[in-house]
Amino acid sequence: MSKPNTGRRLNDQTAAGWLLAAPAMLGLVLFILLPFLVALGMAFSNLRLGSPLPLEFVGIKQFQRIFADPDFLRALANNLLFAAMVVPLQTLLALGLALLLNQGLRGTVFFRTLFFMPVVFPMSLIAVVWVLIYAPGPNGMMNGFLDLITLGAWEPRDFLRDPLLAMPALMLLSVWQGAGFQMVILLAGLQQIPRDLYEAASLDGAGSWNRFRYVTLPQLRNPLIFVVMITTILSFRLFDQVQIMTRGGPNGATTTVMYEAVQAVFTRQQVARASAMTVVFFLLVLLVTWVQRRLARQEREVA
């Protein structure tokens, strides 16, 4: 007699689940799937700003052009380099800050707010401030700081116009700006770890490092995976810093795929070319995210 009630309950739960997920699914369709399909359609045309209709179907010619363009390949390489450096550095910094704040020391609320503040400020404002920090000459804040800690051995550099320092300068800004968001997530994960596990590890003679390695890291597995995936996606969206601070220079050292796509539209009116770049970029981010999920799943199965 309980089977019909159980089936009805499951159906009600399924309907409630779809109802709750409907706003998110609608947002994904409207703001991700449909724009991607539109961009994909334009990438197979010769669309330019102000070009007459109907559009001409050119097949994969736009994709062939961008992959033969050294500027696009350099932008793609810069994106990959930026993500490869920023994701681990930002994650390590966020983990260190979260561990520090989890000690329950005096002033934790103040420092938690202080570390999170860069996340709240718009990137355009932060980029302008860091342009002042990277100001060339001995009066620049960064040059002055490096001169101080090296006891006068540092020679002033123009960070944003040096091909070797421009990209690391953007990386440093991004690591500092985004670490607070990851810190909050990891701190929440740390606070969910049962104290009994640490007490049991201490009774077994585990030191601080072993408690961190065998208790903290395994318990933080899911928050760390989430943080790495989100940081990776956000790191590929590098545009504001480049537009405001370097304009893709010097000599293309900081140009990115998004910057190249924006320039293709608003400087050269090549909408179809920009659409092809966007499609390639979207598929690349999707591939990287899928690989991360597969690796995380394999590690979970091994564990």
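In the predicted model, P54 is exposed, its relative accessible area being 75%. This proline sits in the loop that joins helix 1 (2–43) to helix 2 (61–67). P54 is separated from P156 by 102 residues in sequence, and the C-alpha atoms of the two prolines are 56 Å apart in space.

A contrasting environment is found for T256, which is buried at 0% relative accessibility. T256 occupies the loop between helix 11 (240–246) and helix 12 (257–266). When neighbours within four places in sequence are set aside, the contacts of T256 are A75, N79, L238 and V242. Burial is assigned here because the value of 0% for T256 falls under the 20% limit for relative accessible area.

With regard to overall architecture, the protein comprises 13 helices and zero strands, so that the order of elements from the N terminus is α-α-α-α-α-α-α-α-α-α-α-α-α. The radius of gyration is 24 Å, whereas a compact globule of 303 residues would have a value near 19 Å. Along the principal axes, the C-alpha atoms fill a box of roughly 80 × 70 × 35 Å. Buried residues make up 36% of the 303 residues. Among contacts with a separation of 6 or more, 68% involve residues 24 or more positions apart.

The surface and the charged groups were also examined. The exposed area of the protein is about 18,400 Å², of which carbon and sulfur atoms supply 68%. There are 23 positive and 15 negative side chains, and a distance of 9 Å separates the centres of the two sets.

Aromatic pairing was considered next, and the structure holds 13 such pairs. One of these is formed by F44 and F63, whose ring centres are 5.5 Å apart and whose planes meet at 55 degrees, so the pair is classed as tilted. Because F44 lies in the loop between helix 1 and helix 2 while F63 belongs to helix 2, the pair ties together parts that are 19 residues apart in sequence. The two rings' residues are assigned to separate accessibility classes: F44 is partly exposed, with a relative accessible area of 24%, and F63 is buried, with a relative accessible area of 13%. The loop between helix 1 and helix 2 therefore contains both the partly exposed F44 and the exposed P54. Elsewhere, a cluster connected by ring pairs comprises W130, Y134, W154, F159 and W176.

Notes
Residues are numbered from 1 along each chain as its sequence is written. Side-chain values use heavy atoms; hydrogens and water are left out. Helices (H or I, at least four residues) and strands (E, at least two) are DSSP runs, numbered from the N terminus. The radius of gyration is taken over C-alpha atoms; the globule rule is 2.2 Å times the number of residues to the power 0.38. Buried means under 20% relative accessible area, exposed over 50%, partly exposed in between (1.4 Å probe, protein chains only). Contact means heavy atoms within 4.5 Å. Accessible areas come from the Shrake-Rupley method with a 1.4 Å probe; for residues, only the protein chains shown count as cover. Lys and Arg count as positive and Asp and Glu as negative; His and the chain ends are not counted. The place of a charge is taken as NZ of Lys, CZ of Arg, CG of Asp or CD of Glu. Rings of Phe, Tyr and Trp (its six-membered ring) pair if their centres lie within 6.5 Å; planes under 30 degrees apart count as stacked, over 60 as edge-to-face and the rest as tilted.
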